[in-house]
Amino acid sequence: MRTAEPPVQKDLINVDFGNYEYLSTNPQGVLFSPDSVLLHEKFSMFSGIEGSSFLLNPLMSGVLFSMFFICFIIFSFIFSKEGVALSGNFNSILSFSSRSSKGYKEQVTTTEVWGEVFMIFQSILLFTIFLTTYLIDKGILVVTFSSYAFNFLSVFVAMTLLACLKYLIYRSIASFFLHNDIKNWISRYFRLIELAGVVLFIPLFAYVFLPESRSTLLILILTVFVIVRLVVAIELLNIFVKNKVGSFYFFVYLCGTEIAPYLLFYKGMLSFISIAGNNII
């Protein structure tokens, strides 16, 4: 009789995981061989995709995210209360139709009025974030919190003044030229600004926080801006054709109300940036 042989225990450390590539080490087996890195790079199939650097520091990105979040919450509240009225306002712009003033006044509520004021503010704020982010991305602005805050407020004030200037220009022209049509156009123009801010909310959010997709988003943002400018030109042309005003006066009106204010805004923004560069940096 033979005694039972003890079972052979497997070496749990010596496990074959299949063939795999590894970096060779020096004779001591502690450090990698200098040639191993070159060998690894030589036989590497894919070099990978380089990511885009996020230029905003955590404090700046946190403030911008808070702005987007607060705007989203307030807009959601306003739309839940006056969604039907706001949708009707936007549809009237896209369909080039207008409500009667009497019927419109009967439907106006306090929430709707403050909602439209907020959406104008939201559009100005979003375009300010876009411009400052674009200038930082192009290396025109310095990435420091004090410089960014000053330039952000400067661009925001400049865009607010531009909107106020456009309103005063329209009101002054309506006092002696096409009173009813220009008066109705004022409300339609600012609703168009509100609609642009709503449509571009998500693309502008992605433009700020997804640097690798900025080139594609920039094309989308510029496309929406051109469409808005075309809608403005078509609306004004419709007013002038309806009142049988000559094309020369339409061209003068378009240059004075739609082109000259943006040239002033461009000059003012460059002045603000130069002031920030001389005093803060």
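This passage describes the overall fold, the surface and the cysteines of a predicted protein model. In this model, local features require a pLDDT of at least 70 and side-chain atom pairs count only at pLDDT 80 or more, whereas totals for chains, interfaces and linings use all residues. Residues are numbered from 1 along each chain as its sequence is written, and side-chain values use heavy atoms, with hydrogens and water left out.

The protein has nine helices and zero strands, where helices (H or I, at least four residues) and strands (E, at least two) are DSSP runs numbered from the N terminus. Among contacts (heavy atoms within 4.5 Å) between residues at least 6 apart in sequence, 73% join residues at least 24 apart.

The accessible surface, computed by the Shrake-Rupley method with a 1.4 Å probe and, for residues, with only the protein chains shown as cover, comes to about 18,600 Å², of which 68% belongs to carbon and sulfur atoms. Of the 281 residues, 35% count as buried, a term that means under 20% relative accessible area, with exposed meaning over 50% and partly exposed lying in between (1.4 Å probe, protein chains only).

On this surface, Phe 65, Phe 69, Ile 70, Phe 72, Ile 73 and Ile 74 form a nonpolar patch with about 570 Å² of accessible area together. Patches are made of residues with over 30% relative accessible area and no salt bridge (a side-chain nitrogen of Lys or Arg within 4 Å of a carboxyl oxygen of Asp or Glu), like charges being joined within 9 Å and nonpolar side chains (Val, Leu, Ile, Met, Phe, Trp, Tyr) within 5 Å. Ile 70 lies in helix α2, residues 58-94, and counts as partly exposed at 48% relative accessibility.

The structure holds zero disulfides, a disulfide being a pair of cysteine sulfur atoms within 2.5 Å. Cys 71 is buried, with a relative accessible area of 4%, whereas Cys 164 is partly exposed, at 42%.
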